[in-house]
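I opened this model to look up a handful of positions and contacts, and these are my entries in the order in which I made them.

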Amino acid sequence: MKRWILFLLLLGWTPGLTASPPDATQEPELDRETLQQMVRHSAEVFRIEDGVSVEEAVESMQLRANLRNFQEVANLPLSDQVTAMGGEGNYMRILAFCDALIANQMVQHDIIFASFLPCRIAVVEDDEGQGWIVTTNMDMMLHATDLPEDLEEVAREVRDTIYSIVEAGRTGDF
């Protein structure tokens, strides 16, 4: 948790203050290894089960989001764009889900939450054809902030919903 707080401070965030963006020319005060660990800990990576295609994973996540009343607000087929631009690459799609009312509450409490919006889930395929789902470490986000009890409950619901959507994609269930 301390590393996450350091990461937010590194980005120039201070509770209760509206700061200008950090100076990109400044060298970070943390060593490269610590920064790499912070980035690694900020994401969750899930292996898609054998027999579940990346397309089935996406469809299952879309269905689960709908069942949980989370709106799909973006669907970015990046691998299609790579192909259209003459490139080659593995399957890569970024989905974004949101409950606008909850998002509004969180940003009104602390503007830093805008950087997490909307909740993104990436579906990618590696060179061996294995599908993976990658999303923000929702527990890290939840526990690295001080939320009033009512917002903490709402944030837990968002976390649970996003992980439920991921689980549907990972298993091919909805």
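Before starting I fixed one term: I call a residue buried when its relative accessible area is under 20% and exposed when that area is over 50%, with partly exposed in between. I also note at the outset that this is a predicted model.

**Entry: threonine 135**

I looked up threonine 135 to settle whether its place is buried or exposed. Its relative accessible area is 5%, which is under the 20% limit, so I entered threonine 135 as buried. I located threonine 135 in strand S5, which covers residues 131-136. For its surroundings I set aside residues up to four places away in sequence, and I then found threonine 135 touching Ser42, Ala43, Glu44, Phe46, Arg120, Ile121, Ile162, Tyr163 and Val166. Arg120 is one of these neighbours, and its backbone oxygen lies 2.7 Å from a polar atom of the threonine 135 side chain.

**Entry: overall layout**

I then stepped back to the whole protein, where I counted 7 helices and 5 strands. Reading along the sequence, I wrote down the pattern α-α-β-α-β-α-β-α-β-β-α-α. Of the 174 residues, 36% are buried. When I took the contacts between residues at least 6 apart in sequence, I found that 70% of them join residues at least 24 apart. The accessible surface comes to about 10800 Å², and carbon and sulfur atoms account for 52% of that surface.

**Entry: helix H7 and what follows**

I looked at helix H7, residues 149-171, and noted that its 23 residues reach 33 Å from the first C-alpha to the last, close to the 33 Å expected at 1.5 Å a residue. Just after H7, I found glycine 172 with a positive phi of about 80°. Phenylalanine 174 also belongs to the segment after this helix, and I entered phenylalanine 174 as exposed because its relative accessible area is 56%. Together with Leu63 and Leu67, Phe174 makes a nonpolar surface patch of about 320 Å².

**Entry: arginine 159**

Which residues, I asked, are in contact with arginine 159 once its neighbours within four places in sequence are left aside? The residues I found are Met138, Asp139, Leu142 and His143. Arginine 159 lies in helix H7, and its relative accessible area of 14% is the reason I list arginine 159 as buried. Although methionine 138 is 21 residues away along the chain, its C-alpha atom is separated from that of arginine 159 by 5.5 Å. The side chain of arginine 159 makes a polar contact of 3.0 Å with the side chain of aspartate 139. I also recorded a salt bridge between arginine 159 and aspartate 160, whose closest N and O atoms are 3.0 Å apart. Aspartate 160 is partly exposed at 37% relative accessibility, whereas arginine 159 is buried.

**Entry: salt bridges**

How many salt bridges does the structure hold? I counted 6. As a reminder to myself, side chains of opposite charge can pair when their charged atoms come close. Aspartate 50 and arginine 47 form one such bridge, with 2.7 Å between the closest N and O atoms. I found aspartate 50 exposed, with a relative accessible area of 62%, and arginine 47 partly exposed at 38%.

Arginine 170 and glutamate 167 form another bridge, in which the closest N and O atoms are 2.8 Å apart. These two residues are separated by about one helical turn, because arginine 170 and glutamate 167 are 3 residues apart in helix H7. Glutamate 167 is partly exposed, with a relative accessible area of 33%. I noted further that salt bridges with shared partners join Glu49, Glu167 and Arg170 into one network.

**Entry: backbone details**

Last, I checked two loops. I found a cis peptide bond between leucine 117 and proline 118, with omega about -20°, and I placed proline 118 in the loop between helix H5 (100-109) and strand S4 (119-125). Asparagine 69, although not a glycine, has a positive phi of about 60°. I placed asparagine 69 in the loop between helix H3 (54-67) and strand S2 (71-76), and I list asparagine 69 as exposed because its relative accessibility is 64%.

Note on methods: Residues are numbered from 1 along each chain as its sequence is written. Side-chain values use heavy atoms; hydrogens and water are left out. Helices (H or I, at least four residues) and strands (E, at least two) are DSSP runs, numbered from the N terminus. Buried means under 20% relative accessible area, exposed over 50%, partly exposed in between (1.4 Å probe, protein chains only). Contact means heavy atoms within 4.5 Å. Accessible areas come from the Shrake-Rupley method with a 1.4 Å probe; for residues, only the protein chains shown count as cover. A polar contact is a pair of N or O atoms within 3.5 Å; within protein, one must be able to donate a hydrogen and the other to accept it, and residues adjacent in sequence count only if both atoms are side-chain atoms. Patches are made of residues with over 30% relative accessible area and no salt bridge: like charges are joined within 9 Å, nonpolar side chains (Val, Leu, Ile, Met, Phe, Trp, Tyr) within 5 Å. A salt bridge is a side-chain nitrogen of Lys or Arg within 4 Å of a carboxyl oxygen of Asp or Glu. The expected span of a helix is 1.5 Å times one less than its number of residues.
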